[in-house]
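Here's an informal walk through one chain, going from an annotated site out to the whole fold and then to its charged pairs. Keep the viewer open as you read.

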Amino acid sequence: MEQTRRAIVLLSGGLDSATCLAIARDMGFECYALSVAYGQRHAAELTASKRVADALGAREHRLARVNLGQFGGSALTDPAIPVPEEGGGSGIPVTYVPARNTVMLSIALAWAEVLDAHDIFVGVNAVDYSGYPDCRPEFIRAFENMANLATKAGVEGTRLHIHAPLIELSKAEIIQLGTRLGVDYGITVTCYQADEQGRACGRCEACRLRRAGFQAAGIEDPTPYQGREG
């Protein structure tokens, strides 16, 4: 009898992570969704993560807490730093949260060891994204190498895999793929400054990338916006 393949899926409640969960499910994994409350200002995404986990049939959904907001340094965790609403700019934006993906993948790795899961899925993207250093393919490869050095499973010869299936896809391609896999993007929250009801501002970079993705995909944007769209 074939053993059930378990996977940890990092689930923010946004468009990309919802698609990632749908992909893992389609690949035949029994999915354990992990959301992280890291001190983000846009906490509506955590509410959305529960909706997405339920809708896409996660075996279990857990919320871990680690307060990166205590260190500040990002517009997503420090209310004193405004979320940019203008396009352009150079360098790594102020919406980058220092070490966020490293911390979240480490928590996922701990749960994976307990569950005897050998696969972790993360919805990072290096095409239509904000230039974050922890969304690059070389980061994912480096973390996978570290995971196999730092864990009991890795040392005993069971290789752990970090999957980033969206990393080379455009936002439009991600939306088209997720739509085929039955993702309801209307229940996801991507906005950096969504209100308590999860309605998007329509102006931040996350909103602009999301909207442009639906337009390029030729799919109607189901995002609820605050007031008039945009």
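L11 counts as buried, because its relative accessibility is 2% and the cut-off for buried is under 20%. Bear in mind that this is a predicted model. You'll find L11 in the loop between β1 (6-10) and α1 (15-26). Leaving aside residues up to four places away in sequence, L11 has quite a list of contacts: S17, A18, L21, A33, L34, S35, S49, V52, A53 and H61.

What does the record say about this stretch? UniProt, in an unreviewed entry, puts the feature "binding site" at L11, S12, G13, G14, L15, D16, S17, A18, T19, C20 and L21. Of these residues, L11, S12, G14, L15, D16 and S17 are included in the lining of the largest cavity.

D16 is worth a look too, since it is on both of those lists. It lies in helix α1. Is D16 buried or exposed? With a relative accessible area of 16%, D16 is buried, because anything under 20% falls in that class. Again not counting residues up to four places away in sequence, D16 touches G123, N125, L166, K171 and I174.

Now zoom out to the fold. The chain has seven helices and five strands, and reading along the sequence gives the pattern β-α-β-α-β-α-β-α-α-β-α-α. How does the radius of gyration fit with a compact globule? For 230 residues, such a globule would come out near 17 Å, and the chain has 17 Å, so the two agree. Along the principal axes, the C-alpha atoms fill a box of roughly 55 × 40 × 30 Å.

Buried residues account for 49% of the 230 in the chain. If you take contacts between residues at least 6 apart in sequence, 72% of them join residues at least 24 apart. As for the outside, the accessible surface is about 10,900 Å², and carbon and sulfur atoms make up 50% of that.

On to the charges. Searching the whole structure turns up 10 salt bridges. Three of the pairs are set out here.

| Pair | Closest N to O distance |
|---|---|
| R62 and E60 | 2.5 Å |
| E138 and R136 | 3.4 Å |
| E144 and R159 | 3.4 Å |

In the third pair, E144 sits in helix α4 (residues 137-150) and R159 in the loop between α5 (152-155) and β5 (161-163), so this salt bridge ties together parts that are 15 residues apart in sequence. E144 is buried at 17% relative accessibility, while R159 is partly exposed at 40%. There is also a network, with salt bridges that share partners joining R6, E30 and R59.

How do the other two pairs in the table sit with respect to the surface? R62 is partly exposed, with a relative accessible area of 44%, and its partner E60 is partly exposed at 25%. In the E138 and R136 pair, E138 is partly exposed with 38%, and R136 is partly exposed with 35%. These values count as partly exposed because that class runs between under 20% for buried and over 50% for exposed.

Definitions and conventions:
Residues numbered from 1 in each chain as written. Predicted model: local features only at pLDDT ≥ 70, side-chain atom pairs only at ≥ 80, totals over all residues. Heavy atoms only, no water. UniProt positions renumbered as here; feature names shortened; annotations may be inferred. 1 Å grid on protein atoms, 1.4 Å probe; cavity = no way out; pocket = protein on both sides within 12 Å on 5 of 7 lines; lining within 4 Å. Helix = DSSP H or I, 4+ residues; strand = E, 2+ residues; numbered from the N terminus. Buried < 20%, exposed > 50% of the residue type's maximum accessible area, 1.4 Å probe, protein only. Contact = heavy atoms within 4.5 Å. Rg over C-alpha atoms; globule rule 2.2 N^0.38 Å. Areas by Shrake-Rupley, 256 points an atom, 1.4 Å probe, with all protein chains shown as cover. Salt bridge = Lys/Arg side-chain N within 4 Å of Asp/Glu carboxyl O.
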